[in-house]
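Please find below a short note on cysteine pairing and one surface feature, written for a colleague's review.

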Amino acid sequence: MTENMRSLRNFFLYKCLFALAFWNHISLSMANELFKSVSNDFPEDGSDKKIKSLPLLYTNSHQSKANFDWVVIQNTTESLSLSEITNDNVKKLVALLSNFRQGSRLQNLTLTNMSVDWNALTEVFQTVWHSSIEYLNINSLTQLLDIESYDFDYSGTSMKALTIKKVLITDLYFSQDDLYKIFADMNIEALTIAESEMIHMLCPLSNSPFKYLNFLKNDLTDLLFQNCDKLVQLEKLILQKNKFESLSKVSFMTSRMKLLQYLDMSNNLLSHDAADVQCRWAESLTELDLSSNQLTDSVFECLPVNIKKLNLQNNQITSVAKGMAELKSLQELNLASNRLADLPGCSGFMSLEFLNIEMNLILTPSADFFQSCPRVKELQAGYNPFKCSCELQDFIRLERQSGGKLFHWPEAYVCEYPEDLRGTQLKDFHLTELACNTTLLLVTALLLTLVLVAVVAFLCIYLDVPWYVQMTWQWTQTKRRAWHNHPEEQETVLQFHAFISYSERDSLWVKNELIPNLEKGEGCVQLCQHERNFIPGKSIVENIINCIEKSYKSIFVLSPNFVQSEWCHYELYFAHHKLFSENSNSLILILLEPIPQYIVPARYHKLKALMAKRTYLEWPKERSKRALFWANLRAAVSINLPMADGQWCGETD
């Protein structure tokens with residue numbers, strides 16, 4: 001650094017510190033000490049190193065009861081940072097800024113923790129507007145009271161950009177136009193109002209010089225800038241983290257922004273109905289961020305035709321329709337974190353060079369991707385649940401031939417299925433050519449299918465016939481034993497009106513509905529139930545046969561539970577055997593719950609035949625119909641049976 005430059009810097013620094021001392025913010029001795037400590041930090045070798053920040057100045061003005069604590073960060077002579085601005089000291093801030101007229105070196109001003117009313121804020125803006133400051137940043141602004149119309153003088157300014165973050169408005173009753181008008185009509189190139197719960201912004205009254213607008217993290221909706229034709233210079237618009245819902249309305253918002261090139265609509269609530277109005281985007285728009293919304297496959301019917309970069313990450317897209325409008329200029333497409341099951345083709349993206357399809361639902365990516373997308377230079381397809389199979393072998397082989405076009409290979413490409421290969425990198429997954437030979441696999445599969453069909457047919461016959469043979473044998477053996485043990489009892493004496501066959505899972509209905517309504521109703525009805533009438537010491541099959549033999553009727557309570565019970569199947573078989581052997585009409589079918597045909601086992605073909613040919617009683621859900629149900633059931637089992645006292649069950653005195 002030359003001696004003249006060092007002298008000039010020291011002079012400017014001393015002047016600033018002396019001014020603070022003059023305004024009673026610091027003493028002259030403190031100013032001298034600060035000058036000595038900071039001036040020693042100036043680089044001696046002419047390098048472009050930055051000067052250390054000045055320490056926090058805890059200042060007490062004897063002219064005001066309020067404290068005005070600020071930090072002066074002088075990285076160069078062009079920047080100034082102040083904090084803790086209140087209504088008590090804002091006048092001093094205005095007086096300080098008034099010294100930096102146009103032509104001064106100060107260009108960057110940062111105000112932090114500012115809590116003032118509307119008049120004080122507009123006065124600060126107005127002072128800055130006619131100073132040398134080009135870039136104003138306000139962090140954490142509390143706008144207290146008295147928002148009203150203000151006739152702002154925008155003329156003759158050096159300002160280029162205004163950034164305001166974290167605005168809190170405490171005034172509950174004011175005109176929205178008074179607040180937004182002062183910002184909408186600013187004659188600067190860049191405006192940022194972020195994290196401020198802003199619900200609207202006016203369209204400028206005349207053609208605006210805005211080239212950059214950033215309204216990050218507010219509460220803006222689809223009403224923003226509708227039918228606004230004054231943003232003729234706007235090139236970049238950021239509306240991330242707001243409350244936009246309609247993609248078509250967003251497109252119409254941009255249609256009059258003739259120079260718009262970049263639009264960020266990420267982290268909103270956007271969706272698009274395919275039957276909605278047609279979209280109309282700014283023809284100049286080349287980069288669009290629609291990530292983290294609620295968009296589905298129909299989004300491809302509402303996209304700018306000249307788009308070059310498109311971000312659709314973290315939506316609900318399942319496929320890229322082949323019949324969509326062509327995006328001939330599209331070069332970069334981000335479809336990560338969606339629900340795609342395969343790589344999209346490039347029939348609509350003939351200029352595509354970069355594709356991100358990570359974290360989707362792709363099991364086996366298409367091996368012909370690079371053939372349909374010859375211009376693709378980089379493909380990001382990792383972090384998908386790959387199924388390591390023969391089909392994936394072609395994709396792995398394709399990677400070796402692509403010349404490193406797969407991004408994050410090999411660490412991001414890991415087998416998810418089958419389970420025994422989970423965690424294996426695709427580069428380490430290998431199958432022999434013979435194992436993946438399609439012709440051989442087809443022949444083998446055909447042979448195995450024929451063998452399987454034959455085996456299944458054989459097993460169906462084999463497993464069914466022995467069962468029926470066994471049941472017939474048990475029936476015969478039981479009858480033979482009964483004849484051998486009691487030859488005098490050739491004729492079976494009926495003891496019950498009906499034997500009840502039901503699944504244990506339907507026992508509540510049987511015990512709470514069927515038995516009480518039949519046995520305790522009108523007449524005398526004796527029911528045979530396995531829990532109380534099976535004879536201990538005899539086999540279950542023998543008990544079943546004896547109960548069916550000694551019952552006038554057999555009641556079967558049909559439900560999905562019934563067809564899952566093996567014992568119910570036994571009981572149905574023996575009752576069906578009695579039906580044909582004695583040529584009797586002894587079966588009563590009660591349909592407790594509908595039985596879907598697909599859950600009825602194949603061996604229940606007799607049940608299917610019975611339900612198709614015989615009338616059955618269906619348990620009514622309506623209480624008003626149940627009296628008729630019980631009457632019909634009593635009539636079906638009605639018969640006089642002898643009782644122990646010599647009377648006949650069913651007789652009345």
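The points below take the basis of the values, then the cysteines, then the surface patch.

1. This is a predicted model, in which local features need pLDDT of at least 70, side-chain atom pairs count only at pLDDT 80 or more, and totals for chains, interfaces and linings use all residues. Residues are numbered from 1 along each chain as its sequence is written, and side-chain values use heavy atoms, with hydrogens and water left out.

2. Four disulfides are found in a search of the whole structure, a disulfide being a pair of cysteine sulfur atoms within 2.5 Å. One of them joins Cys-279 to Cys-302, with an S to S distance of 1.8 Å. The torsion of -105 degrees about the S-S bond makes this link left-handed.

3. Cys-346 and Cys-373 form another disulfide, with sulfur atoms 1.8 Å apart. Its S-S torsion is about 100 degrees, so the link is right-handed. Cys-346 is buried at 2% relative accessibility (buried means under 20% relative accessible area, exposed over 50%, partly exposed in between; 1.4 Å probe, protein chains only).

4. Cys-388 and Cys-415 are joined at an S to S distance of 1.6 Å, and the link is left-handed at -85 degrees. Both Cys-388 and Cys-415 are buried.

5. Why is Cys-528 not bonded to Cys-547? The sulfur of Cys-528 lies 3.0 Å from that of Cys-547, its closest cysteine sulfur, which is too far for a bond. Cys-528 is buried, at 0% relative accessible area, and Cys-547 is buried at 4%.

6. Val-443 is partly exposed, with a relative accessible area of 43%.
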